[in-house]
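Hi everyone, thanks for making time for this one. Let me put the sequence and the structure up on the screen, and then we can walk through a few places together.

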Amino acid sequence: MNLLQRIFPTRALFALTAACVCALGISASDGIAQDMFARSGIAQVANQGPETASTPKPRPWMAVSHIFQGDDPTPAETHHVVFANGIYYDFPADDQQPWTIFDLNASRVILLDRQRQLRTSVPTDDLVQLAARAEAEITNPVDRQRYGMDAVPTRSGELQFDVAYADTRYRVIGTRPDAPKLAAEYGRFVDWACRLNVARPRGVPPFARMKLNAVMTRQNVLPKETAVTLTRHIGAERTPAQIRLRSTTVIQDDLTASINKQVKDAQSMRVIFQEIPWDQYEH
């Protein structure tokens with residue numbers, strides 16, 4: 001059983017919840033990790049560092065994403081992602097889900113379990129190294145196809161992008177913001193969320209999504225609507241079943257009072273919650 005077979009068992013999980021919903025001691029140097037991602041086309045986003053001390057601090061802003069199942073008009077999930085000076089806060093509407101802080105200034109990702117009042121964290125270097133290890137270990141073409149590791153995104157229109165592999169297909173309709181920095185920041189967030197999902201899987205393997213995100217980020221494009229189609233084979237008869245998911249994303253320049261309060265609460269929780277090791281968090 002290879003690394004990704006241990007991480008991603010064969011089951012239908014939501015592919016669109018990668019942002020909230022993606023500390024292992026991997027012995028690979030930063031140079032090896034960067035080389036692996038450079039060859040796979042997904043290094044350009046996450047390796048961009050946070051703002052320097054001399055850079056004027058921009059105002060916080062947020063992206064609001066709604067996730068739908070099939071044709072259901074009611075969102076199955078909603079996420080508010082706040083971008084605040086090199087720190088990204090992912091706030092799911094579901095109280096049972098953890099809040100996630102991507103603190104690029106401190107090079108750590110923190111999970112806050114509000115129900116148990118626990119926190120855990122993982123260095124961003126570990127996330128880079130784990131994905132690099134997967135790239136290095138998975139060499140069988142069948143496995144690489146299954147996990148989307150060699151998927152090639154295509155551009156079907158000025159603001160339309162696709163990527164497909166095995167039984168999974170992404171289609172994205174994008175928008176180009178007036179400020180290119182917004183697309184760069186959002187792309188960086190998606191990349192780190194995908195890397196988190198390698199260590200804490202909450203969707204399909206994220207490699208194809210990372211490649212698609214890198215292409216869109218280079219074009220200064222944000223996703224406006226994302227559709228994912230998954231075909232899975234159920235039972236002993238291997239009956240095909242199709243799962244359709246879609247998400248909409250809207251950018252808001254100003255934070256609401258309730259979101260501002262959540263940011264302050266998250267800043268407090270990352271200090272006062274009891275910290276537990278990464279490998280004990282899920283238990």
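Let me begin with a question: in which loop is Ser107 found? Ser107 belongs to the loop between β4 (99–103) and β5 (108–113). Please keep in mind that this is a predicted model. Ser107 has a phi near 55°, a positive value in a residue other than glycine. Its relative accessible area is 36%, so Ser107 is partly exposed.

Asn220 also has a positive phi, near 60°, again in a residue other than glycine. Asn220 comes just after α6, in the loop between α6 and β10 (222–234). With 30% relative accessibility, Asn220 counts as partly exposed.

Since we are at α6, let me stay there for a moment. Helix α6 covers residues 207–218, and at 1.5 Å a residue its 12 residues should span 16 Å; the end C-alpha atoms are 17 Å apart, which agrees. Is this helix largely enclosed or open? Of its 12 residues, 10 are buried, so α6 is largely enclosed by the rest of the structure. The buried set includes charged side chains you might want to click on, among them Arg209 and Lys211.

Now the sheet. It is an open sheet of 12 strands with mixed pairing, and the order is β7-β8-β9-β10-β11-β1-β2-β3-β4-β5-β6-β12. At the edges stand β7 (154–157) and β12 (274–275), each with a single partner strand, so one side of each has no neighbour in the sheet. For β12, 2 bridges join it to β6 (residues 118–123), and these strands run parallel. If you want to find that pairing on screen, look for Arg119, whose bridge partner in β12 is Glu275.

Within the sheet, strand β3 (residues 87–92) holds Asp90. What is the nearest side chain of opposite charge to Asp90, and how far away is it? That side chain is Arg200, 8.5 Å away, and Asp90 is buried with no salt bridge. What Asp90 does have is a polar contact from its side chain to the side chain of His79, at 3.2 Å.

On to the charged pairs: the structure holds 17 salt bridges. One of them joins Arg59 and Asp254, with the closest N and O atoms 2.3 Å apart. Arg59 sits in the loop between α2 (30–40) and β1, and Asp254 in the loop between β11 (239–252) and α7 (257–272), so the pair ties together parts that are 195 residues apart in sequence. Arg59 counts as exposed at 61% relative accessibility, while Asp254 is partly exposed at 44%.

Another salt bridge is within a helix: Glu185 and Lys181 meet at 3.4 Å, N to O. Both lie in α5 (residues 180–199), 4 residues apart, about one turn of the helix. An α-helix has 3.6 residues a turn, so residues three or four places apart point the same way. Glu185 counts as buried at 8% relative accessibility, and Lys181 as partly exposed at 37%.

Arg169 and Asp162 form a salt bridge too, with the closest N and O atoms 3.5 Å apart. Here Arg169 is partly exposed at 36%, and Asp162 is buried at 8%. Finally, Glu135, Arg144 and Asp150 are linked in a network of salt bridges. Thanks, and do shout if you would like to go back to any of these.

Conventions
Residues numbered from 1 in each chain as written. Predicted model: local features only at pLDDT ≥ 70, side-chain atom pairs only at ≥ 80, totals over all residues. Heavy atoms only, no water. Buried < 20%, exposed > 50% of the residue type's maximum accessible area, 1.4 Å probe, protein only. Salt bridge = Lys/Arg side-chain N within 4 Å of Asp/Glu carboxyl O. Polar contact = N/O pair within 3.5 Å; in protein donor to acceptor, adjacent residues only side chain to side chain. Expected span 1.5 Å × (residues − 1). Pairing = 2+ DSSP bridges.
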